[in-house]
Amino acid sequence: MSAIHLQNLVKKFGDFTALKTMDLAIADGEFMALLGPSGCGKSTTMNMIAGMEEPTGGKILFGERDMAGVPMGRRGVGFVFQNYAIFTHMTVRQNLGYGPRMRGAARAEIDRRVGAIAEMLQLTPLLDRKADRLSVNILQRVAIGRSAIMEPAIFLLDEPLSNVDAAFRAVMRTELKQLQRQFKQTMVYVTHDQLEAMTMADRIAVMDHGVLQQVGTPLEVYNNPANLFIARFIGAPGMNLLKGWLAESDRGLIVDLGPLGATPPLPDDIAASVRRARGEVFYGFRPEQVTLVQRGPGLSMPVTFVERIGARTIVHLGEGESAVKAVFDNDVGLAIGQTAILAPAAQSVRIFDAATGRAMKAD
Amino acid sequence: MSAVTATISEDDMDAVQAKPAQRDDGAKLGFRLTLPAQILVLFIAVFPLLMQLYISLTDWSPLSGLGWWSAWSMWNSFANYTDLAADARFWSALKRTAIVMIVCVPVEFLLGLALATLFADEFPGKRIFYSILLMPMMVVPAVAGYMFFMLFQSGGPVNDILSSLTGSPVTIAWLSDPTLALFAVMVADIWQWTPLMFLILLAGLVGVPEDQIKAATLLGANPWQRFVTIVLPKMKTIIIIALAIRVIENFKIFDTLYIMTGGGPGVATETISVYIYKLTTQDLIWGYVAAIALAILIVLSIAAVFAMKRMARTAEMPA
């Protein structure tokens with residue numbers, strides 16, 4: 001059992017800065033997802049936790065213990081590689097028993113531990129199979145079992161589902177989450193897939209361009225994105241963002257969206273937090289939190305595309321800078337060319353400072 | 001090439017487009033396409049082999065004044081083969097060849113593996129050392145033989161170096177001493193062929209998946225354990241190939257050795273190839289030579305079949 005503290009962590013490769021500076025506290029037993037697009041520094045962070053890379057600056061603490069100079073085989077870290085890195089020339093049994101065997105455990109001891117872990121992961125019937133012809137979910141379990149047998153306090157998973165086809169990914173997500181509940185270890189999970197992060201993690205650390213953008217529970221990150229990047233990145237589709245200016249009207253504070261007209265008045269708490277702001281802002285609302293109304297106040301926009309995805313229908317409206325998406329029930333009666341009036345749910349509206357990209361909040 | 005192209009006539013193109021039900025057409029086309037190659041094999045392998053077998057059953061010699069096809073008039077049944085079994089010089093040459101192989105191939109393998117391990121990592125000047133290391137392989141064996149002939153002269157550089165190391169003049173007659181001559185010949189072979197071993201093994205080594213090595217490290221394996229449990233098993237196929245190539249090549253060791261010692265002093269460095277060469281060019285008893293060559297071919301073929309079987313087995317479980 002172990003908490004992880006990253007303190008002012010920096011990583012440079014020559015002139016290239018992979019990680020600008022990172023402070024993150026991961027609690028004991030927590031499932032933390034490091035989420036971000038490729039090149040955001042998430043894998044670099046993970047490799048430093050595992051000891052595969054040396055930090056350029058800053059500290060990594062496991063509990064109270066500074067990990068500087070501790071080689072990667074001695075950190076008590078389990079690591080599941082993107083492609084699982086199973087030893088294909090060995091059987092499942094030899095794969096699972098590899099760690100204890102290398103540490104010189106007695107034969108009987110190895111057999112006992114392999115037996116226990118195989119039972120837990122339902123690998124017992126496959127123990128004597130060669131590891132080169134196993135399906136991907138079995139490989140994942142072998143990879144996890146091979147690390148878990150060492151009883152690591154910390155489990156690191158590097159995009160373990162990225163090589164799996166979409167249908168199977170859902171199955172494996174559930175399986176992974178259940179395994180984490182069983183093992184109760186601290187887990188750090190690197191992914192670029194926001195859905196994986198949202199569904200599995202206790203908390204998500206969103207990263208971009210080597211900078212930690214926001215840390216929070218999946219709902220916090222979804223409901224209150226700290227900046228424009230997260231607003232666009234989290235959610236499928238991401239948050240709608242329209243550029244405009246704050247303005248007073250007789251009905252209260254509104255956002256003047258230029259050619260699109262004025263938004264409905266902002267709810268009091270949001271209005272209070274942004275009243276002192278000046279200049280351009282982004283008016284943000286979730287595609288899922290929109291209702292269709294017959295007459296204003298609302299955003300009147302032409303329908304440009306209708307995407308039917310089964311349970312729901314995604315309607316694209318407007319063009320260019322003012323393009324938005326709205327998610328409705330599948331039987332929504334909208335067709336391309338029609339004009340719809342959208343009313344974003346008042347409490348879901350978020351205002352971002354256009355200059356800094358940051359969400360505006362009550363002081 | 002032109003023969004191959006010519007074979008794909010219009011008829012055959014039709015056959016390619018024919019209905020899949022007519023399976024025979026496919027087989028026929030395949031046969032026609034491989035025919036030139038088969039004829040070639042017939043002439044470079046099967047025909048000489050049969051000719052060799054024929055001559056090996058006679059006392060034929062180029063001095064007999066008869067063409068080889070008339071060798072039947074000198075038919076001696078299996079006399080050459082019974083002579084061979086009793087030929088002490090043949091058996092000692094075979095033994096010597098085996099000794100050279102048993103020493104040289106493992107030494108070349110271990111040196112090659114050590115160098116490959118070294119070159120799998122980055123270090124300053126790697127490219128230059130790499131080029132230098134591969135040079136011996138590119139030296140014409142006859143030239144290499146002359147080089148080592150000069151190096152091992154009693155007044156040559158090897159003795160000079162030993163002199164300066166020991167501080168007293170060293171005048172070892174390397175190539176005139178039966179044991180040292182064999183040693184010198186093996187040094188030359190190791191010098192020339194370690195690079196090939198190195199090159200093949202390096203190719204195998206860089207093919208070992210990086211992440212599996214990392215995974216082993218994370219599971220607590222030390223460098224030696226990683227080498228034994230991951231790297232070597234992954235390189236198994238390529239190691240077998242490298243050893244097979246060198247065993248077969250080494251068995252035929254000739255040019256370098258012949259230039260250095262001529263098989264001497266006496267017969268102290270006379271290997272199978274040198275013995276056959278002498279019988280062919282000096283004794284001119286070609287019927288007997290054919291018998292020896294055929295016997296060796298059979299022995300080598302059996303060895304090769306075993307090696308291939310082993311390889312096929314390993315190949316079934318891809319790395």
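The exercises below walk through a predicted model of two chains, A and B, each with a worked solution.

Residues are numbered from 1 along each chain as its sequence is written, while chains are lettered from A and ligands numbered from 1 in the order in which they are written. Local features need pLDDT of at least 70 and side-chain atom pairs count only at pLDDT 80 or more, whereas totals for chains, interfaces and linings use all residues.

**Exercise 1. The build of chain B**

Work out how many helices and strands chain B has, and how its radius of gyration stands against the globule rule.

Solution. Start with the elements: helices (H or I, at least four residues) and strands (E, at least two) are DSSP runs, numbered from the N terminus. Chain B has 14 helices and zero strands. Next, take the radius of gyration, which is computed over C-alpha atoms; the globule rule is 2.2 Å times the number of residues to the power 0.38. For the 319 residues of chain B the rule gives 20 Å, but the radius of gyration is 26 Å, well over that value, so chain B is more spread out than a compact globule. Along the principal axes, the C-alpha atoms of chain B fill a box of roughly 80 × 65 × 35 Å.

Now turn to burial. A residue is buried if 20 or more other C-beta atoms lie within 10 Å of its own, exposed if 12 or fewer, and partly exposed in between, with C-beta atoms placed from the backbone. Of the 319 residues in chain B, 27% are buried. Helix 8 (residues 157–166) of chain B is hardly covered, with zero buried residues among its ten. Just after helix 8 of chain B comes Gly167(B), with a positive phi near 85 degrees.

**Exercise 2. Where the chains meet**

Find how many residues each chain brings to the contact, and which helix of chain B gives the largest share of its side.

Solution. Two residues are in contact if their C-beta atoms, placed from the backbone, lie within 7 Å. Chain A brings 20 residues and chain B brings 17. On the side of chain B that touches chain A, helix 10 (210–218) and helix 11 (223–251) of chain B each supply at least two residues. Helix 10 of chain B gives the largest share, six residues. By type, this side of chain B holds ten nonpolar, four polar and three charged residues. Here Ala, Val, Leu, Ile, Met, Phe, Trp, Tyr, Cys and Pro count as nonpolar, Asp, Glu, Lys and Arg as charged, and the others, Gly among them, as polar.

**Exercise 3. Into the core**

Name the residues that touch the most other members of the largest nonpolar core.

Solution. A nonpolar core is a set of buried Ala, Val, Leu, Ile, Met, Phe, Trp, Tyr and Cys residues joined through C-beta atoms within 7 Å. The largest one has 100 residues, and Met32(A), Ala33(A), Leu156(A) and Tyr189(A) touch the most other members. Leaving out residues up to four places away in sequence, Met32(A) touches residues including Ile26(A), Met187(A), Val188(A) and Tyr189(A). Another core, of 35 residues, lies apart from the largest and includes Ile55(B), Cys104(B), Tyr288(B) and Val289(B).

**Exercise 4. Strands of chain A**

Trace the partners of strand 4 of chain A, then give the strand order of the four-stranded open sheet.

Solution. Two strands pair if DSSP finds at least two bridges between them. Strand 4 (residues 57–62) of chain A runs antiparallel to strand 1 (residues 4–13) of chain A, with five bridges, and Val10(A) is partnered by Gly57(A). Strand 4 of chain A also pairs with strand 5 (residues 65–66) of chain A, antiparallel over two bridges, with Phe62(A) opposite Arg65(A). These two strands, 4 and 5 of chain A, form a hairpin with two residues between them, and Gly63(A) in the turn has a positive phi of about 65 degrees.

The four-stranded open sheet of chain A has the order 12-11-13-19, with antiparallel pairing. Its edges are strand 12 (252–256) and strand 19 (350–353) of chain A.

**Exercise 5. Unusual backbone**

Decide whether Asn8(A) is buried or exposed, and locate the cis peptide bond.

Solution. Asn8(A) lies in strand 1 of chain A and has a positive phi near 50 degrees. Asn8(A) is exposed, with 11 other C-beta atoms within 10 Å. The cis bond joins Ala236(A) and Pro237(A), with omega about -5 degrees.
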